[in-house]
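Subject: Structure handover

Hello,

I am passing this structure on to you. Please open it alongside this note. My findings follow below.

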Amino acid sequence: MKLQFGLLWIEDNFSPQEEEEIRRGAADAGFELGITVSVDGTDIEDLAERQRSYHAFDLVLLDLGLAGGVRGDALAPEIRRLFRSTPILFYSSGDTEAGLRDRMAKDRIEGVFCANRDNFTARASELIQDYAHTLNRLSGMRGLAMEVVAEVDVICRKVILELAVGDAEEVAAKFLDKAVCDQSSANLEKFPTQSNLAERIDHPATDSMMSFNLFRELLRKHIAKMPDGEAKDDLRALRAATKDYRDRVLEVRNILGHALETRNDKGWLILDRNGEPFMTVSDFPSHRSTFLNQLRAVRQISDILITKD
């Protein structure tokens, strides 16, 4: 999930009103709109390189009549070749929607929407809204929340260290000492009073690491009591498969929860909270594979141990 929507606008004469209408449509969908303008498409190769490196553009707006006599329909095949799956909205005040579609059909260009100039901003807003709907999943929102919290955490840290100088540093240190110790004291007092194990597991003081450590310890004891055989061997193998969960999933989650991304010459670079390189987008497939393998092992353990109704 993301907060930015990238728009490549190939046009030499759009109005401030048209820009504002599209920005408003993006804002209604929950996006901050980033607009890159090309007046005639001569820089399309460079723009395509940005797309390959950063997926900078989520939608291409293409006018029929461009600067220097360039025709949008003549440029469209090259745009589709370089931006293979990015939607294109082709528009003009000098042709009908049907006429614009015929121009695209002539060169068999796929993934193109057409609109008259009078309503192309509304159509662009609709496409942005449709894109937003594809992101409306729990996993996406969870990722977005982590992204926002990560950036706010980094900013707070920088501001605190900037402001807490001289006497203010001691005041800030005492503030954190009290906050952390008070919370620890409260947990020390209240946690043992939880009435059952479920309440202890659900308590905020029981973090994911503690819960997983308990999961593996109870699983170890359960396996030790099982009779020798295939079932025991299978469960032991699955437990062994989760031995790296803490380092390769939980720790990665913790770092990503406070990470930020920046650009380098090869694409996006993920920095830890200290600004040190942690991973690049080329590492993502490996991490996704690890996440999936660990999740599958835990799911299989659950399927073996928990009877379904």
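Start with the contacts. Take pairs in the chain that touch and sit at least 6 apart in sequence: 68% of these contacts join residues at least 24 apart. Please keep in mind that this is a predicted model.

Overall form

The chain holds 12 helices and 8 strands. Its radius of gyration is 27 Å, whereas a compact globule of 309 residues would have one near 19 Å. The C-alpha trace spans about 80 × 65 × 35 Å along its principal axes. Of the 309 residues, 31% count as buried. The accessible surface comes to about 19300 Å². Carbon and sulfur atoms account for 54% of that surface.

The five-stranded sheet

One open sheet has 5 strands, in the order β2-β1-β3-β4-β5. The pairing is parallel. At the edges are β2 (32–38) and β5 (112–116), and each of them pairs on one side only. Neighbouring strands in this sheet are turned by 20° against each other on average, with direction ignored.

Now look at β3. This strand covers residues 59–63. How many of the residues of β3 are buried? The count is 5 of 5, so to speak of β3 as mostly covered is fair under the cut-off of under 20% relative accessible area. The side chains split into two sets. L59, L61 and D63 point one way from β3. V60 and L62 point the other way. Both sets are buried.

β3 has partners in β1 and β4. With β1, the strand runs parallel and is joined by 4 bridges. Within that pairing, L7 has L59 of β3 as its bridge partner. With β4 (residues 88–92), β3 also runs parallel, again through 4 bridges. There, V60 is matched with I88 of β4.

A helix covers part of this sheet. Helix α1 (residues 16–28) lies across β1 (4–10), β2 and β3. The helix runs at about 145° to β2.

A residue to look at: E11

E11 sits in the loop between β1 and α1. Is E11 buried or exposed? Its relative accessibility is 1%, so E11 counts as buried, the cut-off being under 20%.

What does E11 touch, once its neighbours within four places in sequence are left aside? The contacts are V37, S38, V39, D63, L66, Y91 and R117. D63 is also one of the buried residues of β3. Closer along the chain, a polar atom of the E11 side chain lies 2.9 Å from the backbone nitrogen of N13.

The three-stranded sheet

There is also an open sheet of 3 strands, in the order β6-β7-β8. Here the pairing is antiparallel. Why is one side of β6 and of β8 left without a neighbour in the sheet? β6 (260–264) and β8 stand at the edges and have a single partner strand each, so one side of each stays unpaired within the sheet. On average, neighbouring strands of this sheet are turned by 40° against each other, direction ignored.

β7 (residues 267–271) and β8 (residues 277–280) run antiparallel and are joined by 3 bridges. The bridge partner of L269 in β8 is T280. For I270, the partner in β8 is M279. The two strands form a hairpin, with 5 residues between them. In the turn, G275 has a positive phi of about 80°.

Two helices lie across strands of this sheet. Helix α2 (residues 44–54) lies across β6 and β7, running at about 35° to β7. Helix α11 (residues 245–256) lies across β7 and β8, and its angle to β8 is about 105°.

Where to begin

I suggest three stops when you open the model. Go to β3 and its buried residues. Then go to E11, in the loop between β1 and α1. Finish at the hairpin of β7 and β8, with G275 in its turn.

Best wishes

Technical notes. Residues are numbered from 1 along each chain as its sequence is written. This is a predicted model: local features need pLDDT of at least 70, side-chain atom pairs count only at pLDDT 80 or more; totals for chains, interfaces and linings use all residues. Side-chain values use heavy atoms; hydrogens and water are left out. Two strands pair if DSSP finds at least two bridges between them. Axes are lines fitted to C-alpha atoms, for helices over the stretch in contact, and angles run from 0 to 180 degrees between N-to-C directions. Contact means heavy atoms within 4.5 Å. Buried means under 20% relative accessible area, exposed over 50%, partly exposed in between (1.4 Å probe, protein chains only). A polar contact is a pair of N or O atoms within 3.5 Å; within protein, one must be able to donate a hydrogen and the other to accept it, and residues adjacent in sequence count only if both atoms are side-chain atoms. The radius of gyration is taken over C-alpha atoms; the globule rule is 2.2 Å times the number of residues to the power 0.38. Accessible areas come from the Shrake-Rupley method with a 1.4 Å probe; for residues, only the protein chains shown count as cover.
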